[in-house]
Structures are given as structure tokens and as C-alpha cells.
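Q: I've got a protein model open and I don't know where to start. Can you walk me through reading it?

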Amino acid sequence: MAVWVFLLFCPMMLMGQPHCTRELTKETQYTRTHNVLYAYGPDRYWKEERDFMLRYPGDNYVELIGFDDYSIGSDEVALRATISRAKIVSKLAEQHQKVAALFETANSKETTSDRFFRDFLQPIIQADSVKLGLVQL
């Protein structure tokens with residue numbers, strides 16, 4: 001299984017990018033079958049639902065909705081912000097019948113793996129209204 005993350009920084013790319021990407025992966029040497037999940041993940045630099053969905057290519061092109069967040073593990077403020085984003089993504093994924101995801105994280109303070117999970121990832125995963133189907137470390 002492969003995951004393609006739409007990082008659409010230019011609004012002009014929105015029109016052709018999802019379609020072109022899907023066509024390229026259909027019957028090429030890279031994928032004899034269509035075992036590709038398409039994901040929308042515009043990083044963590046957004047605070048509101050409207051900003052997150054700004055370049056969403058549409059439900060026909062996406063199976064997973066999520067975000068990257070390398071600030072996890074830095075401090076309590078970053079943790080609260082990540083939980084807030086995870087709640088928004090969970091809500092949007094449910095509305096669009098997609099899987100909510102936290103695509104990339106980082107142990108930015110280089111704490112032990114146990115502490116990173118216990119003090120940072122676990123509070124995100126177990127927070128009220130957070131329903132992540134995928135957490136990629």
C-alpha cells in the first residue's frame with residue numbers, strides 16, 4: 001500500500017493535480033494494480049476548518065484526511081494545538097466519510113519512546129472527539 005499526500009501549495013494546481021496523479025498511478029510500471037490510498041494532508045500551519053480545507057481536491061480524490069505535526073513533544077502549548085487540530089480533522093473526516101490521520105510526528109525533544117508515547121501521543125489519541133484511524137510515526 002502506498003500513500004500519496006496532496007501538498008497543494010498553489011491554487012492553480014488544484015484543477016489538474018489530483019486527476020493527473022491518479023492517472024499516472026493507474027496502469028504504470030509502479031503499480032500493476034491500483035493499491036494506492038490518496039491522502040490530503042496540508043501540514044500543521046492552519047488553525048481553522050476553513051484554512052485546512054482551502055485546497056481540498058474533493059471527496060472523489062481522497063481516502064484519508066490528516067496533517068503532519070513535528071511540534072509534538074516540544075511543550076504543553078504545542079500538545080494542546082495538536083489536539084485541537086486532531087479534533088478538527090476527526091470531524092471533517094467523519095463528515096466526508098474518510099479516515100482521519102496524523103501522518104507524521106517527531107520526538108522533537110528526544111525523550112524516550114515510552115515517554116513520547118505516554119506524555120504526547122497518547123493524550124492526543126485519547127482526547128475527546130479525536131478519532132484517528134492512522135497515526136504514522
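A: Sure, and let's begin with a term: a residue counts as buried when its relative accessible area is under 20%, and as exposed when that area is over 50%. Keep in mind that this is a predicted model.

Q: How many helices and strands does the protein chain have, and in what order do they run?
A: The chain has four helices and five strands. Starting at the N terminus, the order reads β-α-β-α-β-α-β-α-β. As for burial, 39% of the 137 residues count as buried.

Q: How do I apply that burial idea to one strand, say β4?
A: Go through its residues and see how many fall under 20% relative accessible area. Strand β4 covers residues 99-105, and five of those seven are buried, so the cut-off of 20% makes this a mostly covered strand.

Q: Which strands pair with β4, and in what sense?
A: Pairing is about bridges between two strands, so look for at least two of them. On one side of the story there is β3, residues 64-69, which pairs with β4 in the parallel sense over six bridges. Here you'll find Phe67 standing opposite Leu102 of β4. Then there is β5, residues 134-135, which also pairs with β4 in the parallel sense, over two bridges. In that pairing, Ala101 stands opposite Leu134 of β5.

Q: What do β3, helix α3 and β4 make together?
A: A right-handed β-α-β unit, with α3 taking up residues 76-95. To check the hand yourself, point the strands away from you and follow the path from the first strand over the helix to the second: clockwise means right-handed.

Q: Is Ser90 buried or exposed, and what does it touch?
A: Ser90 sits in helix α3. Its relative accessible area is 3%, so Ser90 is buried. Leaving out residues up to four places away in sequence, Ser90 touches Ala100, Ser129, Val130, Lys131 and Leu132.

Q: And Gln126, is that one buried or exposed?
A: Gln126 has a relative accessible area of 56%, so it's exposed. You'll find Gln126 in the loop between α4 and β5. Sequence distance and distance in space are separate things to read: Gln126 and Ile83 are 43 residues apart along the chain, with their C-alpha atoms separated by 9.6 Å.

Q: How do I tell whether a helix like α4 is straight?
A: Compare its end-to-end span with what a straight helix would give. A straight helix of 13 residues would span 18 Å, whereas α4 spans only 16 Å between its end C-alpha atoms. Now look along the helix for a bend: there's a kink of about 30 degrees at Asp119, shortly before the proline Pro123.

Q: Which residues of α4 are buried, and what do they pack against?
A: Phe116, Phe120, Leu121 and Ile124 are buried. The buried residues of α4 pack against α3 and β4.

Q: How many aromatic pairs does the structure hold, and where can I see one?
A: There are five aromatic pairs. Phe116 and Phe120 form one that is tilted, at 6.2 Å centre to centre with 40 degrees between the planes. Both rings belong to helix α4, four residues apart, or about one turn of the helix. Phe116 is buried with a relative accessible area of 7%, and Phe120 is buried too, at 9%. Elsewhere, ring pairs link Tyr40, Trp46, Phe52, Tyr56 and Phe67 into a cluster.

Definitions and conventions:
Residues numbered from 1 in each chain as written. Predicted model: local features only at pLDDT ≥ 70, side-chain atom pairs only at ≥ 80, totals over all residues. Heavy atoms only, no water. Buried < 20%, exposed > 50% of the residue type's maximum accessible area, 1.4 Å probe, protein only. Contact = heavy atoms within 4.5 Å. Expected span 1.5 Å × (residues − 1). Bend = angle between axes of the 7 residues up to and from the residue. Phe/Tyr/Trp six-rings, centres within 6.5 Å; stacked < 30°, edge-to-face > 60°.
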